[in-house]
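The following paragraphs guide the reader through a structure, beginning with the meeting of its chains and ending with a sheet and the helices that lie across it. Please keep the sequence and the model in view while reading.

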Amino acid sequence: MRLTLFMFLASFIQLTANNSYAQKTKLSVDLKNASIESVLLTIENQSAYKFIYNKETVDVESRVNIQQKEKSIKEILDILLVENGISYTFYGNQVLLTKDKVANPLQQNQTVLGKVNDAAGAPLPGVTVVVKGSTYGTITNTDGNYSITSVSDDAILIFSFVGMRTQEISVAGRTSIHVVMTEDAIGIEEVVAVGYGTQKKINLTGAIATINEKDIEKLNVTQPSQLLAGLASGITVTQSSGQPGKDGASLRIRGLGTFSSAGTSPLVLIDGISSDLNYINANDIESISILKDAASAAIYGTRAANGVILIETKKGKEGVTKVTYQGNFGFQKPAEIPKIVDSWVYAEMINEALRNAGSNQQYTEADIAKFKSGEDPDNYPNKRHYDDLVESGNGFQSEHYLNFTGGNAKNSYLFSVGYLDQNGFIDETNHNHYNVLFNANTKISDNFSLKVKFQGRTGTTTEPTTIRSGDGADGLLDYALKIPNTIAGKKSDGYYGQQTGFTIEGWMDSEAFIESSSNRMDVSAGFEWDIVKSLKLTGLAGYNYDNTKYKRFWPTLVVDQTYTEKPSELTETRTENSLLTLQSFLNFNKTIGIHEFHVLVGFSQESNTNSWLQASRDNFPNNALYEISAGAPSNQLNSGSGYEWALKSFFGRINYILNGKYLLEANTRYDGSSRFPESKRWGLFPSVSAGWIVSQEEFFQSKIVNHLKVRASWGKLGNQNIGNYPYQQIMTLGVNAPFGVSEKIYSGTAATVVPSTNITWESTRVINAGMDIGLGNKVNASIDIYDKLTSDILYNVTASAVLGMTPSVQNAGVVSNRGIDLNLQHRNKIGDFTYSISGNFSYVKNEVKELATVTQDISSGLFVGHSLQSIYGYVADGLFVDQTDVNSYAVQPRVAAPGDIKLMDIGGPEGVPDGKVNADYDRKIIGNQFPKYSYGLTFTPGYKNFDLFINLYGVAGVNKILGGFADNAFYQGSNPQEWMMDRWTKENPNPNASYPRFLIVGGGEQQFYQSTFVMQDASFLRISNIQLGYTFPKIVVERINVSGLYVFVGVKNPFTFDHFRKGWDPEMGSGYPPARYFNAGLNINF
Amino acid sequence: MKNSNILTRDLLLIIFGWCGLTGCESLDKDPLDSLSKGTFWKTESDAVLGLTGVYKVVGGTQQGNYDLWSQLACLYLFEATTDNGFEKDNHVTDFNNGSLASTYGPVKALWGNTYTQISRCNNFIDNIDAVQMNPDELTEMKAEVRVIRAYDYFNLCFYWGDVPFTTHVLTVDEANNISRTAKSEVIEFLIKELQEAIPQLPAARSDDEYGRITKGGALAILGRVLMAEKRWVEARDIYKQIIDLGIYAIDPRFKQIFEEKGESSKEHVLVSVRMQDVYGTPMLRGCHGFDFGGYHWFSPYNELVEEFECIDGKPISESLLYDSENPYANRDPRLYKTIGINGLTVFKGKLYVSHPDSSAVKYQDQVTRRPWSGYLLYKFSDGDYTGAITQYGGDFPMIRYAEVLLSYLESCIESGTTVTQDLLDATINKVRGRAEVQMPAVAETDPVKLTTILRRERRVELAWEGLRLYDLFRWRIADDKLKGTFTGMKVCPASQAATYKTVKVNAKGYYFCEETNFRADVDYLWPVPQSERDVNPNLTQNTGY
């Protein structure tokens, strides 16, 4: 076997080889009794030459002895090849070997010439022309001409070009073949990944969305989960933080299928093995398939209820070694931040709040004047804690990606390394990771091939933290929002201004940090064995391992003369998880006349073990030492645990295609899971689907519509991701308490959970109907409507606290999701101007159908007949204008005063308003937190060598309540924000002011009640990407010895349109603000 | 045909061989860190594990997660809601401001945590009989658990009236449909429980078992129940039993019995044990002033300060030693050990300054910086403690012998027992006369006059120990005491009060502080939490909510 690693390194070294290479390069070969092939390999290894030959016609197995020193390539080849009846021809560094004509007088070989044009008659350069069954071929020149020698009479030539329909043409003795390439109707010829295999898109009967390399390349995401935003219909992507390392997005396919702990995250498989999307480098992704309906997902049975995402990584391809480098760098800035009032405004406002409560003023006029003048910044500062914090970091980011790929008829490989270093706009927030991917395929014999994959990632996220108050950057931001500008940062005496010991600047200056790192490795090996023609056995074994390390250090910190934060403390947690997957499946493909069959049967098993260990100590000798053993032994604590689960499955699929237009498919999976009691352990998940390619019918004659397919499917899916042992009666350990004069902690245990002894999985039934339309090769559209019903939802029946335990989940809920997914693609070319637009739109109506025996569960936001994540609360009717208003209005739940939120009396014990607002009768569903509509659009215009990429997405029909410091002034001392300036005052008793009267609030006040007053419309439209690129012309590129060069500049998240709370992002809510990222980069192909 | 059969066979072999080769994974997985209930409740060590789980404070140490067995929670719920003082962040203001509603978080927290402990007790009692162990020890453990459960139920009844009542572990359906049982019925049950458990408990514990319920602790709990029920004769006899045990005594120290140094004092009848770092409490963070690294959550009112007599044993309204312009001089020594006073109290070598005219930059506890009264809760501040203030290990003295003696005297008076000087000397005068306090002995034997003295003594001696709300409710004086204006520290001489500008003061120059509005017809019973009624339609609500 070829030493692939050595080969690509050698190739890399010789990237700089130029055209005079053949003359200059001297080679040495000294081999005895070696096959010609191995000699060729040796030469390839020493040089940039690549040999191209068809093993069926060229005999490279013959043994030779060759001893040549410092000879030119021609000298060597003459000895090696000509004597063995092989001819050679140079094409740059590629050397084509053919069987010597003389030696084979019977074979009719000839040169074929020709020209390739597009439909408009323009010549097409760069079209690949290959002899079918070999790697032998050429590429059309700038005039669209090609010439290919040594083609046998009966050969078939394959013409292919990106975006054009591939054509196969028999030579049939001709020496001149002209070809007109037609544009490929978008995606029809495309092959997409489906469960345990691939399928032609045209033959699909299920609802599958795909995203390909081209779109992925443009996005330059830091976490692959961000990729999907706006690129496909039926998927809702929510990014909840802009912090480096925590900026992954959550994905929901077709609504929220469940409200249980089983979760709504789709199953993600990378190259067939369940994994995590964010563990791979986006640049390594070749395609993403999103299996949305039961027909496509049922083959994943008990884990498929939330949809399945299949990722295929890039694989090596036959041909010369290609090296690609991609790099980009840029910087991030906060995109939207709340505006905090200045210190003197704060002082005036808190005085107002105190006045409103009839209390004493905190600040005198003189104090306020001092704040304004700025003469005494230590005692009367205007320290902008929040702004300074979000501007403290440089936000610089850089990413590098290097990819080597190559191979021959037997072996192919891909090797890539990626590196990302991301600084946040808050100082000390950083994320970096390295990715490696190695994919190798080798053909051991004609019918047996092996593949091996290694994928690894090591990443570290660091962030500053508060000490003992709130973890990480989020904790700092929370307190930066809280601590008013009237409190100083670092003062001239070196001490810090503080609020109850809280000091943003002190914490930032301190050695406090949180570091989380993870090391992940996914390895797999598999084989494909064509046992006989049409029967193939595939086996795959995969092992995923990851360990994560979390380390949090709180140093001692002298805040000021009166307060020192102590003792120092270190907590470290390590987690290990490993998943072993074994699967094997058999494919049977047979065509009998007009009947085409594809059959798949298989088996898989997965077992997962997880364990964690935590340790902590305090009182470190100084703040520079933060490894466990450096801490004082007096207070060393540790804990740890683990869990296991296993899954065993049998699955199968039958496809039947009649006459190329009637499609039928059936899938099934039989799953056994360790999470369920023995009697409920095994479950069957079937699906059937059918399709009809109407445009293939003879009666169908349309000039406009060239492709029309209708499809329908039905199937059942499951969800097993509940606790690991929910059916077992367990006594929780660790319920410890101390006793004794010299205290000693005793181990204790308690029943904290009521087990559910006959628990089984959730099952989801999906009906899908869809249609695909292609219009004149320029427009491609698809529409799907679906009805998804999840029953036996594992519902943690809300129990009265009188139970004293948490009830374990029961199969007690039903949720329906009905919706529409629309996709539209259009591409066109007008002279030098090309463009493509792809848009998608989804609507989903989510509804709880059943909830055990109740109709509502207020604390979980669940109401029969309404969407999951409903917001339940009071209806507000503005603010009380004055005391008369208060007196004449319905009695409020709390004693109301002018300027308080006015809650409406909408019901009573008799079903009509009773003049009193209370929790029993006057709350209703006022909003929902999961978007009803989501949409996305990608627009990619290009002109000559320039291209532009614009990507946007949005959601609508969604609400959010921010709450806490973000929504309330003077809550535990928190800051007012500028939007609160529009509040009720005695002087301006505006019933429609944005904020009620100022008060120092404790959390029980009316403004903390869920009501329409505090709820916000969280719909938004985000322009998420604008990128301008330039492809250097070949003539320039060749001069610098590369085969392609592309440069770009871009901005991510430049604009968001919404009606949300000013200063806050509707998608992210409170916490680390969204980042706006400006970048530039380049791609080079060698 | 034959060939294809062979092929089929080979294929099956391959598929299942692949599985066989790797060893088919078992789908039987058991928890790795929990005990399976099927194998539990067998041995004595299981019983000890279960018993410890019952003692574990459910609410833990978090602010807002109120629990009867956590000191911090008791200060919030039963002191900062009374005329003894308040808490600066308005976490419990609704209990007396006329706004108490069924959605109020603290109500839900205490309710939930109490029922969680009851459930653990019920689980223990339901299962313990299956354990193979010494039957005496088994009976004793069971008695402990019954006492804990009785205390929990007593408090539920005391604050909510009729409550859901069960002595067994419920199913989810049962819990979601349970009705409230009449308070009288629950009280009858728990009195009987306590009476049965008391003889089964040891009078004293070994050093290792310190903190577990003893006979004295159970008797003292029963005493509180009987006092609340006004069953004075029985209360008197129960308290007499505690005294007759002869194992408790008034400690000569006053300040230290509330600190780590005072742990296992003979005065402690019932304690909730705390252990530094492992099972600590953030008590000190809540009590210490800002200038001492704390959060200064609690602020005593001047109305409490006024209750402390002068050293001549007379109230300030009568004592000649009292100087209204220098009110902090010549007072009961307990005042200085209970309350931090501006310019007087020195803690860890540092003066406590809260006066509004002090430099706010220099003194963080200055009253205008936060809603404070200008007084500090000083009783529990432990000057010798150097560890993390969030992880303090001082025990929570839930019932002290001082309470027992004062309650004994009260039930003697109320039951019509003749008061003699001997009785006074054996009770109130022991409390007042401890070495560190040495207040003059009380000689008043007139029941009415003595009641006033006793109630004052009780408020002063037990100030901020979690008993004030209990007393206000059972004496039914909350509507009187918790309605109106409360003041803080003295800010200026009375003569300057009219012109004093910095803060609002009353005519005597006391800082105006807070206003309360306790509703006599509503607030004596707390609302059943809304979240409970949301899931259980059978739960009725108390009047007014």
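Contact here means heavy atoms within 4.5 Å. By this rule, in what is a predicted model, 99 residues of chain B are in contact with 98 residues of chain A. The area buried between chain B and chain A comes to about 8200 Å², and carbon and sulfur atoms give 60% of that area.

Particular interactions can be picked out across this interface. The rule finds 3 salt bridges between chain B and chain A. In a salt bridge between the side chains of Asp94(B) and Arg894(A), the distance from N to O is 2.4 Å. Polar contacts between chain B and chain A number 19 residue pairs, with both residues at pLDDT 80 or more.

Which elements of chain B each supply at least two residues of the side that touches chain A? Five of them are helices: helix 1 (2-22), helix 2 (44-55), helix 4 (105-128), helix 6 (172-175) and helix 19 (530-535); strand 1 (35-36) and strand 13 (510-517) complete the list. Helix 1 of chain B gives the most, with 8 residues. Sorted by class, the side of chain B that touches chain A holds 40 nonpolar, 32 polar and 27 charged residues.

Strand pairing also links the two chains. Strand 1 of chain B is joined by 2 bridges to strand 37 (residues 730-733) of chain A, and these strands run antiparallel. Within strand 1 of chain B, Leu35(B) is the bridge partner of Met731(A).

The path now turns to a sheet in chain A. There, 3 strands in the order 2-5-4 make up an open sheet with mixed pairing. Strand 2 (50-52) and strand 4 (86-91) of chain A each have a single partner strand and stand at the edges, so one side of each is left without a neighbour in the sheet. On average, with direction ignored, neighbouring strands of this sheet are turned by 30 degrees against each other. Strand 4 of chain A pairs with strand 5 (residues 94-99) of chain A in the antiparallel sense, over 6 bridges. Opposite Gln94(A), in strand 5 of chain A, stands Tyr91(A).

Helices accompany this sheet. Helix 3 (residues 36-46) of chain A lies across strand 2, strand 4 and strand 5 of chain A, at about 145 degrees to strand 2 of chain A. Helix 4 (residues 73-80) of chain A likewise lies across strand 2, strand 4 and strand 5 of chain A, running at about 155 degrees to strand 4 of chain A.

Technical notes
Residues numbered from 1 in each chain as written. Chains lettered and ligands numbered in written order. Predicted model: local features only at pLDDT ≥ 70, side-chain atom pairs only at ≥ 80, totals over all residues. Heavy atoms only, no water. Buried area = accessible area lost by both parts, 1.4 Å probe. Salt bridge = Lys/Arg side-chain N within 4 Å of Asp/Glu carboxyl O. Polar contact = N/O pair within 3.5 Å; in protein donor to acceptor, adjacent residues only side chain to side chain. Helix = DSSP H or I, 4+ residues; strand = E, 2+ residues; numbered from the N terminus. Nonpolar A, V, L, I, M, F, W, Y, C, P; charged D, E, K, R; others polar. Pairing = 2+ DSSP bridges. Axes fitted to C-alpha atoms, helices over the stretch in contact; angles between N-to-C directions.
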